[in-house]
Amino acid sequence: KPGNSRSVMELRGCPVILQKFKGYSNGVANQRWLWVPERRVLSVFSTSVLDNEVTAANQAGVCTFSICGAQEAEQPGYSFTHPRTKRRTMVCLACAKALRGKNVMTKLQLGASFICATGCKESHVEETGPFKCLRVPQVDLSTSEAINTLGRLEAKVNSLRMETAVQTIAWDISAAKTQSAVRILAYRNGAENKNGELIIGTTFSLLLALCTERLKLTRPARRLYTADGNLVLSIAELVAWAINDTSQ
């Protein structure tokens, strides 16, 4: 039993790792073991589902609000005085690690039950760590909903990728229609301005492809450098450099 030092269990030939006992109800599943003497089996993480979930969240650096939601849970945590609201604010172990460089943290007493303030809108706690792009209240990582949440987020990512791809293609087509042909004198890297090739193209990708072909490069050209060594990654940057170089 947790914290019971009187019971003796013999496991010969097995390494033993000692840890300081933590009496929290949740967040210490790694200290919950169950010895089954008739089978001589030591079962790990023998505790409640919530204890396992909070422990996993703490180890992964994920806010426990995504596990417990608006339900208070006894768990390890810290408190600090919010610089804007001047109120005592309690956060879970993962959020405390992310915020410790910005605030003075005080460890909560054993037995404290609370909701992590990161998930509460009225607390004004900045979302950090893996939630820089996601809202904590909108992510349910409990055992019963984690797979559904993952599927929903993957679908959203795929949708954004498709949208971005369509926009990129549209921009490339628009640029190809409006961009006048650009002429450059290209040299192989390290050729010291010898055996240059005149390259004419309307898009940056076309310039790179023609450089690969005309200069007989062993690998596809990925970037261009100006005569003074500046990296250019687009037609616009190339034209701007040429105008600036001509004006000097």
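1. In the hairpin of β1 and β2, where four residues lie between the strands, R40 adopts a positive phi near 55 degrees. The model is a predicted one, and the backbone conformation of R40 should be read with that in mind.

2. The strands that flank this turn are β1, covering residues 33-36, and β2, covering residues 41-44, and they pair in the antiparallel sense over four bridges. Within this pairing, W33 stands opposite V44 of β2.

3. V44, which is found in strand β2, has a relative accessibility of 42% and therefore counts as partly exposed, since that class lies between the buried limit of under 20% and the exposed limit of over 50%.

4. The two facing residues W33 and V44 also appear on the surface of the model: together with L42 and F45, W33 and V44 make a nonpolar surface patch of about 380 Å².

5. On the charged side chains, the count comes to one salt bridge. This salt bridge is formed by R32 with D51, whose closest N and O atoms are 3.3 Å apart. The pair links distant parts of the chain, because R32 belongs to the segment before β1 while D51 belongs to helix α1, residues 49-60, and the two are 19 residues apart.

6. Are the partners of this salt bridge buried or exposed? Both R32 and D51 are buried, which means that each has under 20% relative accessible area.

Methods
Residues are numbered from 1 along each chain as its sequence is written. This is a predicted model: local features need pLDDT of at least 70, side-chain atom pairs count only at pLDDT 80 or more; totals for chains, interfaces and linings use all residues. Side-chain values use heavy atoms; hydrogens and water are left out. Two strands pair if DSSP finds at least two bridges between them. A salt bridge is a side-chain nitrogen of Lys or Arg within 4 Å of a carboxyl oxygen of Asp or Glu. Buried means under 20% relative accessible area, exposed over 50%, partly exposed in between (1.4 Å probe, protein chains only). Patches are made of residues with over 30% relative accessible area and no salt bridge: like charges are joined within 9 Å, nonpolar side chains (Val, Leu, Ile, Met, Phe, Trp, Tyr) within 5 Å. Accessible areas come from the Shrake-Rupley method with a 1.4 Å probe; for residues, only the protein chains shown count as cover.
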